Each structure stands twice: as C-alpha cells, then as structure tokens.
Amino acid sequence: MGRLRHHPRYAAGKCLPGFFQEHRALNALKALKKGLAGKVPVLRDGEYHSVPVRELVPGDIIRLKIGSVVPADVQLLKGDYLLVDQAALTGESLPVSKKAREVAYANTIVKQGEMEAVVVNTGMHTNFSNVVSLVARAGIKERSHFQKMVMQIGNFLIMVSLALVLLIVMVSLFRHEPLLEIARFALVLTVAAIPVALPAVLSVTLAVGAVNLARRKAIVSHLTAIEELAGVDVFCSDKTGTLTQNQMQVKDPVAFSGFTEQELFVFAALASRRENQDPIESPIFQWLEEHGSESDWHSWKQASFTPFDPISKRTEASVERGGEQFVVTKGATQVLLGMTELDESKTREINQRVDELAAKGYRTLAVGRRQGEAPLKLLGLIPLYDPPRDDSKDVIAEMENYGVQVKMVTGDNLAIAREIGGLLGLQQRTIRSSQLSGAASNELLELAEVLTRVIYRRLKGDVAEKEARRFASEVMEEVATLYDTRVLEREFIHTHESAIIEMIEEVDIFAEVVPEDKYRIIDTLQKGDHIVAMTGDGVNDAPALKKADCGFAVSNATDAARAAADIILTAPGLSVINDALRQARITFARMKSYATFRIAETIRIILFMTLSIIVFNFYPITALMIILLALLNDIPILAIAYDNTRVHQKPVRWNMRELLTVSMVLGVFGVLASFLLFFILREQGFSDDVIRSMLFLKLIVAGHSTLYVTRSEGWFWERPLPAPLLLVATFGTEILGTFIAVYGIFIDPIGWAYALAIWGYALVWFLVNDAVKVFTYRMLRREGALA
C-alpha cells in the first residue's frame, strides 16, 4: 500500500503567486482556442455563406475541402471521402480516411477530398474542448516540490527562532532588564534568524540554471521546473514528431521477380502526383531522388489520374511515352491482388509477406501495371514507416544511465508503437489505452482469439492468415453467445488502484492513446510517488504537459503545447533534454548546499544566543553585530548559484529528514565550538566586549567555512573543487569581517594576533565539522534514510 501514497502536493500560491499559475493555464487555453477562430462555408437559406466559426450551431450544413480546419465535431454527409490529419489531436502519424456517416473532429485538418457535413457538437461540447478542460484541470492541480520545501524550511526556522526568542524575552523580563532594550534585541535577533533571503537565493540559483539552459536552446517558462527535473525518475514521451521525424520513409522495398527496385519506384511515382504533397507519396519521390538518378521517369506523361479514395483504396494513372501506353496503380495489397490472376500459392506468399511487414508496424503499398485488357501485374511492395530521429536512441540510453525510466506514449497502433520502440532500444512491454483504466476485458478476449488462430494454423498446416482469422472470428462469436463477457468487464473495473500503478510502472510503450489517456498515465505515476516529465508537440499532448511535473515542448510544437509546457526546446531533437537533466541536478545540489548551510547557521546563532543569555546571563554579540552578520552572510552567498557541483547519477529530490538532520548536527557542533571559545576566553580573563568581538569574528569565519562543508556529501577536498567566484565571495567577506574585528570598526578592536588565532581555531573546527558531516551521511545511509 506504500505505493499509493500521493505525490507531495500543497496549496499553490504560498511561495510563488497564485496568479502566475493561473496566467500560465490561461495562456495554454488561449493557444488551444485559437484553433476555433476563422470562418467556414455554411448552408443558410439554400445558399452557402461564409460564417464565423463561433456562430456555428448543431444542425448547420458546412462544406469541407482540402486545407480546411474542421471547425466543430461533424458527421460527414455527401461527397466521396476526406483524408484528415488528426496528428495534433490524436497523435496518429498518418492521415485518416473518412467516408459518409463518419465523424470528423474539431481542429483536425483536411488533406484531401471535399465533402458536406452536418455540425454535431460546437464550442465546449466538442472532443477538442475535452483537451481544453484537461489543461485547465492540470493547471489547477499544479504544485511544486520546490515551493513545498521552501515552506517547510521556512516554517521550521520561524518556529524555532520565535520559540527561542520568546524564551530569551521571558528570561530577560524575569531578570528585570530594560523593556526597550529587550524589544530591540529580540526584534533584531528575530529578523536575523528568520531566513528571509532563502527564497531569493534559491530563486537566483534556479534563474542561473535557466540561463545556462537557454544557452543550450531550451527556454524555461517556469523556474521551479528545473528543480522538479532533478528528481524526475520517469520520462514519458510522445512518439510522432518527438521521438520520430513525422516524415514517412521507405523501408526495405520488395521487388518481385522480373522487376527491379528502380522500376518499382518509377511506376509508383507515375501512379502519384507530387503536387498533392501526400505523406504516403512523398517518400516515393524522395527515394527516386536519392536512388533513381539513372531512371528516366520524367519522360513519361500522365494522360489521366484517379486519386485515392477510401472505396477503391488505390490510385491509378494512364501513362504514355513514345507511343507506349499502359496503366499503373498503387494502393492496398488486397485490392491489387484482386485485380491479378495469380495462383493461390503466390497469393498466399504475398499475403504472408504483407502480414510480416504489418507485424513490424509498416504500412505497405503494392504497385502494379496493366497493359491494355491484360490482368494486372504486381511489381512489388513498398513498406513505409515514420523513422526515429537520429538522436532519439542515444538520448533514451543516456537518460536511462541517469536513472530515468523512459516510456513512449503514442496514438499509433500497437504494431507501429512496438516496432519504433524496438528501434529506440525500449523494452517491448506494450499495452493499449483500453487497459489503462483496469477495465480491459477485451485483452483476454483478444488473447483467446489469437490462441484460437494459432491452434487452427498448427492443426490445419499451411493455411492463409486470412482463413485463420475468419475461423477465430467465428469461434469468438460462438463464445459470445455461450458466455456473458460482461463478467470480465466488471472484474477488471474493480481492479485495485495499486495494481494499475504497478502495471503502468512496468510498461514501456503505450499505444492507441488519446489525450485523456496521456493525462491518466501521468496522474497515475504521480500517485505512485514518481516525479514525471513529459515531452510532446501536439494539441493532444497539452493536458499531459501541463499535468507533468516538468513538461517539454519540442521545437516544432503547436502553440498549445508550448503554452502548457515548462521548458520549450528551440532546436530540433531531444539531446538538449539530457543537458537540462544534468543542469537541473547541478542546480539542485547548489540549492541543497545553501539550504543546509542556512538552517545550520540559523540554529548555530540563535541557539548559541539563547543558551548564553539563559545559562550565563551573557549577550555574546550585540544587536549591531547581528545585523553585520546577516549582511556578511547573505549578500555573498548568492555566489553559490555559480558553484561547481557533481552530477548525481540517480534522480534527486528533497529529503527533509536528511536535510534537517545534517543541518542540526552541524548547527549543534557550531554551538559547541562557540561555547568552547567563550569558556577559553573567559578563563583567560578577556573583557566582555573583546570576547564579543572575537565571537563575532569566529561566527563569520566559521559560518562561511560551513559552505565548504555543506556543498557535498563527501570530504571537502573531493572534486569538483569550489568555483572561483564562491571562493572570492566567501573569503572576501571573511577578510572584511576580519578588518572590522581587528581595527574595531563599530566594535571593540582585537588586533591581528588574536584575529589569526580565531582563524586557526575556526579552521580546526572546520575539519571537525567536515568529519561529522561525513559520519552523519553514513549513518543516514545505514539507517535507510538516504537512497
């Protein structure tokens, strides 16, 4: 049940203003709603009029043609067909054919064809609006671990400081000290003890990280995303246009006996039209440009051309050259096989080859030619696929080396997803979207159907896959009449949430998903206490990008994806994401170093002051010294934003037990060092004012030295060494504090001899504190408090 504890969340606006969160959500919504602008031809009073999209109502008859953006959810009425690009909405890499009585969704793009349609849903009732509502919901629920950590540290230090200051006030009142002096001292001590600079220093550290990422072509729109990225242990990525190029390419063409690959592609090109810029035909012309330099296909002339439509499922052209004339065609293999007179064995062989290609996720085109009234001759097969980006596999491998599990989330079918996942080096653990809710009874039925098909082929011998599918389908129909499959549905619906979380954690590839599924995957992983990053490019990715702890929009992303994302990539490819990962972990290490230092120093000063006043009735430093300490501590500490730190090989996140334990141990040892110095000086007979000056110098030197203790978990001399800027800033303020103490600026002077003695004393305790820190981390690891 431990897996069910929810991702740490807390109310927005406690650290970063709530309106900033709302502003980002509204930007995403505005970008999404831009798709609803424009005008559309609508049938009114028997004639077509150009009407603004916002004025459409259900029942309106509209006309859609090539290049149109579908303005609403519509049902197609009249016309041959539409070829609709749904990639931005569903993530499918290829346009989808639509016929009469089918539905086309708002904000998809018509690539081919012309049809009339009736408006079914408009505005907030469209499928597109579901994406908008998901983005809004994700924006409302958006929280930051950075904000939570700052509030926890701040609350802890405020509570400790106020409690100890209150104790000092009560003791002073009991001793009948002047009320005005008590109030002044308590006020100064409270202001100095409360870490007012903590949010500012941490924000500057994040800003420096954002600048470094900008140099690597990654724009950060949400600073806390850098800190979130350091703890990311699951990375979900869209496939189409993100991991892949979103450009179909040819994969291992198959030329049949008697024909060459050159002839195969020449005739395929003759059965195409380049000006249509069809994503299926473009790879054919590209192949010819790269491999067909010796062909003379340009000398052929198309006498007629019949474009693709969902009914015939092929294109056809009549071509001629120098008195020679014939017909070329390309399209679905089954259609072209029906136009041939091949024997059964040859047909079975071709079908088997097509099935093998389909199992790999390839979309296969068959190409044929016909002379006069003779039957069609098949020239070969052209497999097409959307190839991965050149850097995708290396990016995934490097990410896994950093302890991040990569998951591919795509709207494409299972076969394509599995094939691309294999090329990218992902494990082949794949599921469909129907399994995400736990109500995937269909998977058992599909398994039964596959088993039936395999058993039938084994028993019957060498039979066609089509015949085996037909037999399995008949068996499943009979099963449905004899067994109530709804029982399976009810069983899966009640699957425990922990089982769903474990299933999603184990799966590497999610296929056939919709925007709601992507959102659900992110949400479920977060419930399993994972910090999740997401990358995408389309409208369909916007809800998941907004929901993720760190959302990346790739360089070719839509405005909606960019508005929803935390980090926007401006260069092609994903390699910059690993740069961002490294930079995030460096930034996290800097923030952790400062947070540890700040807590330790606050405890060191406030606890030492409290015990000195209560036990010894001695004010170890004056109110003016407290102000000087605060200035000399906080101003140069900004340099830690530029410090050198090592890159952790595993995801890192805030561990409050570790942070508070190490800080309090260092703080307590600092108090011991101060009291030991106080005891030695008292025994040597120094005056109270000189003791205060020496303690002031000790707190400055030892305080800044603590930064070199907290900047790493190992010994202070281990690499990477401190940045020069940090050395200059800390030693500069230490030297300034030394001059103040030596020459008595605002305080009693102590001279160079005693100042050097204080430096030597602080150096000894610096070595002790470093050893204590290393021992504390080892103890925490032994107890399992650290990863």
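Which residues are linked with Lys592 in a network of salt bridges? Select Lys592, Glu658, Glu713 and Arg781 together, since these are the residues that the network links; a salt bridge here is a side-chain nitrogen of Lys or Arg within 4 Å of a carboxyl oxygen of Asp or Glu.

Before going further, note that this is a predicted model, in which local features need pLDDT of at least 70 and side-chain atom pairs count only at pLDDT 80 or more, while totals for chains, interfaces and linings use all residues. Residues are numbered from 1 along each chain as its sequence is written, and side-chain values use heavy atoms, with hydrogens and water left out.

**The whole chain**

With the full chain in view, there are 27 helices and 22 strands to find, taken as DSSP runs (H or I of at least four residues for helices, E of at least two for strands) and numbered from the N terminus. Of the 787 residues, 53% count as buried, where buried means under 20% relative accessible area, exposed over 50% and partly exposed in between, with a 1.4 Å probe and protein chains only.

**Strand S20 and its partners**

Select residues 532-536, which form strand S20, and you will find that 5 of its 5 residues are buried. Val532, Met534 and Gly536 lie on one side and Ala533 and Thr535 on the other, and both faces are covered. In a regular strand the side chains alternate between the two faces of the sheet.

Now add strand S9 (residues 234-238), which runs parallel to S20 and is joined to it by 4 bridges; two strands pair if DSSP finds at least two bridges between them. Here Phe235 stands opposite Ala533. Strand S21 (residues 550-553) also pairs with S20 in the parallel sense, over 4 bridges, and there Met534 stands opposite Gly551.

Adding helix H20 (residues 542-547) completes a right-handed β-α-β unit made of S20, H20 and S21; the crossover is right-handed if, with the strands pointing away from the viewer, the path from the first strand over the helix to the second runs clockwise.

**Two salt bridges to select**

Show the side chains of Lys547 and Asp523, which meet in a salt bridge at 3.3 Å, N to O. Lys547 lies in helix H20 and Asp523 in helix H19 (residues 515-527), so the pair ties together parts that are 24 residues apart in sequence. Both Lys547 and Asp523 are buried.

Next select Arg604 and Glu601, whose closest N and O atoms are 3.0 Å apart in their salt bridge. Both residues lie in helix H22 (residues 575-616), 3 residues apart, about one turn of the helix. Arg604 counts as buried at 1% relative accessibility, and Glu601 counts as buried at 1% as well.

**The aromatic cluster**

Finish with Phe608, Phe616, Phe618, Phe675 and Phe678, which form one aromatic cluster. The structure holds 19 aromatic pairs, counted when ring centres of Phe, Tyr and Trp (its six-membered ring) lie within 6.5 Å, with planes under 30 degrees apart counted as stacked, over 60 as edge-to-face and the rest as tilted. The rings of Phe608 and Phe675 have centres 5.0 Å apart and planes at 80°, so this pair is edge-to-face. Because Phe608 lies in helix H22 and Phe675 in helix H24 (residues 656-683), the pair ties together parts that are 67 residues apart in sequence. Phe608 is buried, with a relative accessible area of 1%, and Phe675 is buried at 16%.

Phe616 and Phe678 form another edge-to-face pair, 5.4 Å centre to centre with 65° between the planes. Phe616 is partly exposed, with a relative accessible area of 41%, whereas Phe678 counts as buried at 3%.
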